[in-house]
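Me: I would like a close look at a single part of this model. Please keep the sentences short and tie the details together.

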Amino acid sequence: QVQLAESGGGLVQAGGSLRLSCAASGRPFTDTMYRMSWFRQAPGKAREFVARISWSDGSTYYADSVKGRFSVLKDNAKNTVYLQMNSLKSEDTAVYYCAARMAGTSEYSDWGQGTQVTVSS
């Protein structure tokens, strides 16, 4: 099992920026990690996909709602994935989670505890 720990959430004004971090630890996963993703869940709403990054080649994919404003990056040496969030809007307010998917699997097997992002208008 891989342990994931998010950090970097907080309160920010609309139009501002935040950078979330997700540090992975636990059993060796360098050769088995396939993809890491960010999800979010706002109060009263279902969890939704935000962005993902391939562990091997760094290719990325974004939800339409954040495309052009958010960037997902990784630092393999630190086993850490980042979510850079710019031009934040009130509708970005949510608990943000990172998740890991291993090679050969179809589901995310490991999740972080989440970090709260609140955007004030």
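Is Ser21 buried or exposed, and at what relative accessibility? Please go on from there to its surroundings.

Reply: This is a predicted model. Ser21 counts as buried, at 17% relative accessibility. The cut-off for that label is under 20% relative accessible area.

Start with the strand. Ser21 is found in strand E3, which covers residues 18-26. Leaving aside neighbours within four places in sequence, Ser21 is in contact with Ala5, Glu6 and Ser7. Trp38 is another contact of Ser21, as are Thr80, Val81 and Tyr82. Arg47 is 26 residues from Ser21 along the chain. Their C-alpha atoms are separated by 19 Å.

Now the sheet. Strand E3 belongs to an open sheet of four strands, in the order E1-E3-E8-E7. The pairing is antiparallel. E1 and E7 stand at the edges, and each has a single partner strand. One side of each is therefore left without a neighbour in the sheet. From one strand to the next, the twist averages 20 degrees. Six bridges join E1 and E3 in the antiparallel sense. Across from Ser25 in E3 stands Gln3.

Ser25 also gives a reference point for the loop between E7 and E8, where Lys78 lies. Ser25 and Lys78 are 53 residues apart in sequence. In space they are 9.6 Å apart, C-alpha to C-alpha. Lys78 is exposed, with a relative accessible area of 56%, whereas Ser21 counts as buried.

Next, the covalent link. The structure holds one disulfide. Cys22 and Cys98 form this bond, with their sulfur atoms 2.0 Å apart. The link is right-handed, with 65 degrees about the S-S bond. Cys22 lies in E3 and Cys98 in strand E9 (residues 94-102), so the pair ties together parts that are 76 residues apart in sequence. Cys22 and Cys98 are buried.

Cys98 leads to a second serine, Ser37. Ser37 is found in strand E4, residues 33-41. Ser37 is buried, with a relative accessible area of 1%. Its contacts, neighbours within four places in sequence left aside, include Tyr97, Cys98 and Ala99. Phe49, Ala51 and Arg52 are also in contact with Ser37. So is Tyr108. The side chains of Ser37 and Tyr108 make a polar contact at 2.5 Å.

From Cys22, the path runs to Met36. Residues up to four places away in sequence are not counted here. Met36 touches Cys22, and among its other contacts are Leu4, Val81 and Trp55. Met36 also touches Ala51, Arg52 and Ile53, as well as Ala99 and Ala100.

That brings in the core. The largest nonpolar core has 32 residues. Met36 is one of those with the most contacts inside this core, along with Trp38, Leu83, Met85 and Tyr96. Several strands give two or more residues to the core, including E1 (2-7), E3 and E4. Strands E5 (48-54), E7 (70-75) and E8 (80-85) do so too. E9 and strand E11 (115-120) complete the list. E9 supplies the largest share, five residues.

Back to Ser21, then. One of its contacts is Trp38, and Trp38 is among the residues with the most contacts inside the largest nonpolar core.

Conventions:
Residues numbered from 1 in each chain as written. Predicted model: local features only at pLDDT ≥ 70, side-chain atom pairs only at ≥ 80, totals over all residues. Heavy atoms only, no water. Disulfide = S-S within 2.5 Å. Buried < 20%, exposed > 50% of the residue type's maximum accessible area, 1.4 Å probe, protein only. Polar contact = N/O pair within 3.5 Å; in protein donor to acceptor, adjacent residues only side chain to side chain. Contact = heavy atoms within 4.5 Å. Core = buried A, V, L, I, M, F, W, Y, C linked by side-chain atoms within 4.5 Å. Pairing = 2+ DSSP bridges. Axes fitted to C-alpha atoms, helices over the stretch in contact; angles between N-to-C directions.
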